[in-house]
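Q: I would like to learn how to read a ligand site and a single residue in a model. Can we go through it feature by feature?

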Amino acid sequence: MHEALKDKIRNRTAKVGVVGLGYVGLPLAVEFAKAGFEVTGIDLSEEKVAKVNAGDTYIADIPESVFRPLVESGKLSATSDFAVISKLDTINICVPTPLRKTKDPDMSYIVSACQQIAKYFHKGMLVILESTTYPGTTDEVVLPMLESEHLMVGRDFFLCFSPERVDPGNARYQTANIPKVVGGATPECTEVGALFYAQALESVVPVSSTKVAEMVKLLENTFRMINIGLANEIAMMCGRMDINVWEVIEAAATKPFGFMPFYPGPGLGGHCIPIDPFYLSWKTKQAGIEARFIELAGHINGQMPLFVVEKVQNALNDQSKAVKGAHIHILGVAYKKDIDDVRESPALDIIQLLERRGARLSYSDPHVPRIRFDGVDLCSDEAGLAKADCVVIVTDHSVFDYRALVKNAPLILDTRNALKGVVSNNIVRL
Ligand SMILES: NC(=O)c1ccc[n+]([C@@H]2O[C@H](COP(=O)([O-])OP(=O)(O)OC[C@H]3O[C@@H](n4cnc5c(N)ncnc54)[C@H](O)[C@@H]3O)[C@@H](O)[C@H]2O)c1
């Protein structure tokens, strides 16, 4: 069983499936199709399935010139029918893992994907969970849904966890050249999983278990979240002491060892950094360990939108204006530079906080034509820039004309150091 699957993987005749065709799943499907495998994407969204089959990429990091030929040559296709699994040899699960309102893990997407997979599951398959989750998920949640009297893990099928480290918008590191950590439920599973990824990705890092692989991802993102929390706290301190925090970090970063720069900002965003550490704290709470660093950084990072709003308020007051009735234009609403994703974006909190204080809001973001959430419904409107009493740079997209902004806006709050080095008395920095 083991050898037969390995042969199919080596000679690239294994039929590859990817469940969940989002920011993680679609780039992965593309890499395996590029490596010569026949890849089938499975997604509940009929819209995404239709787009893939029409050769239309909806992920900005995947160029049309790469995507369309893969679809036209039959290497890549999509369906919403899980029955296709009976013909597949491998499955990567890339479905969402959000938090519930209570900050508990929402496992429902993984469970529902596995229920569907279990219906068509057969001997000789490799299943790899890629969704970020708490340590223990693969062995405790996924394995019992797939294993049976006739199907034993490590003998009849292979199960791994492999964290996804993709960084949307990063031109230097993409799915193919980010080292891939993989840990299996048994040593045989790790071996098959590592062999699989080695066909399409540049480097593979096998680890001894699924739990180690799950924990790797949580360490990486918790490290980032906590260090951003520190940078944000330092920014608040510097604000009080009238010190330019950006200059401080830049100078500290000249130390050639023992320091790594992290930057403050308007708050955390995206599907990973604000969420993943709470998967860890939820799990460790069950083991009687309180994740104090995570809770503290979560608290500090969560205060940043309010900190930004108070800065706007103070800056307007200095010009003898009030937030109430002022026109405030938010420049950029995506959670980070040069991408179109607004999930958990701090811009949404900032807009809501300013609206509650009676401000009139507009925004512009070439990557996000419309935002609708909690009673707010706005369309990107560049004309709002010219009318604004204050412009808040929330996302420092490359396409913005910062020079014109500095020339024309009466007041700018720069939360990203987008105006680094520019000296002008209409600029207030975080
Ligand atoms: N976006 C990132 O930068 C990033 C980076 C690393 C890890 N991750 C992790 O990867 C996972 C996926 O994230 P994403 O950003 O790709 O999410 P996404 O929302 O972009 O995509 C998920 C896809 O899964 C589909 N889906 C949901 N339930 C399904 C089901 N039962 N069966 C089939 N399809 C289903 C959705 O329709 C959607 O297309 C999450 O666990 C996330 O934490 C994301």
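The dialogue below takes the ligand first and one residue after that.

A: This is a predicted model, in which local features need pLDDT of at least 70, side-chain atom pairs count only at pLDDT 80 or more, and totals for chains, interfaces and linings use all residues. Residues are numbered from 1 along each chain as its sequence is written, and side-chain values use heavy atoms, with hydrogens and water left out.

Q: Which residues come nearest to the ligand?
A: A residue is near a molecule if one of its heavy atoms lies within 4 Å of it. Here 27 residues surround the ligand, and Val24, Asp43, Lys48, Thr97 and Thr132 come nearest.

Q: Which side chain has an N or O atom 2.5 Å from an oxygen atom of the ligand?
A: A polar contact is a pair of N or O atoms within 3.5 Å. The side chain of Thr97 has such an atom 2.5 Å from a ligand oxygen; for Asp43 the distance is 2.6 Å, and for Arg343 it is 3.1 Å.

Q: How many residues of each class are in the shell around the ligand?
A: Ala, Val, Leu, Ile, Met, Phe, Trp, Tyr, Cys and Pro count as nonpolar, Asp, Glu, Lys and Arg as charged, and the others, Gly among them, as polar. The shell has 15 nonpolar, seven polar and five charged residues.

Q: Is Thr137 buried or exposed?
A: Buried means under 20% relative accessible area, exposed over 50%, partly exposed in between (1.4 Å probe, protein chains only). Thr137 is buried because its relative accessible area is 0%.

Q: What is Thr137 in contact with, leaving aside neighbours within four places in sequence?
A: Contact means heavy atoms within 4.5 Å. Thr137 then touches Met107, Ile110, Leu129, Val142 and Glu214.

Key:
A polar contact is a pair of N or O atoms within 3.5 Å; within protein, one must be able to donate a hydrogen and the other to accept it, and residues adjacent in sequence count only if both atoms are side-chain atoms.
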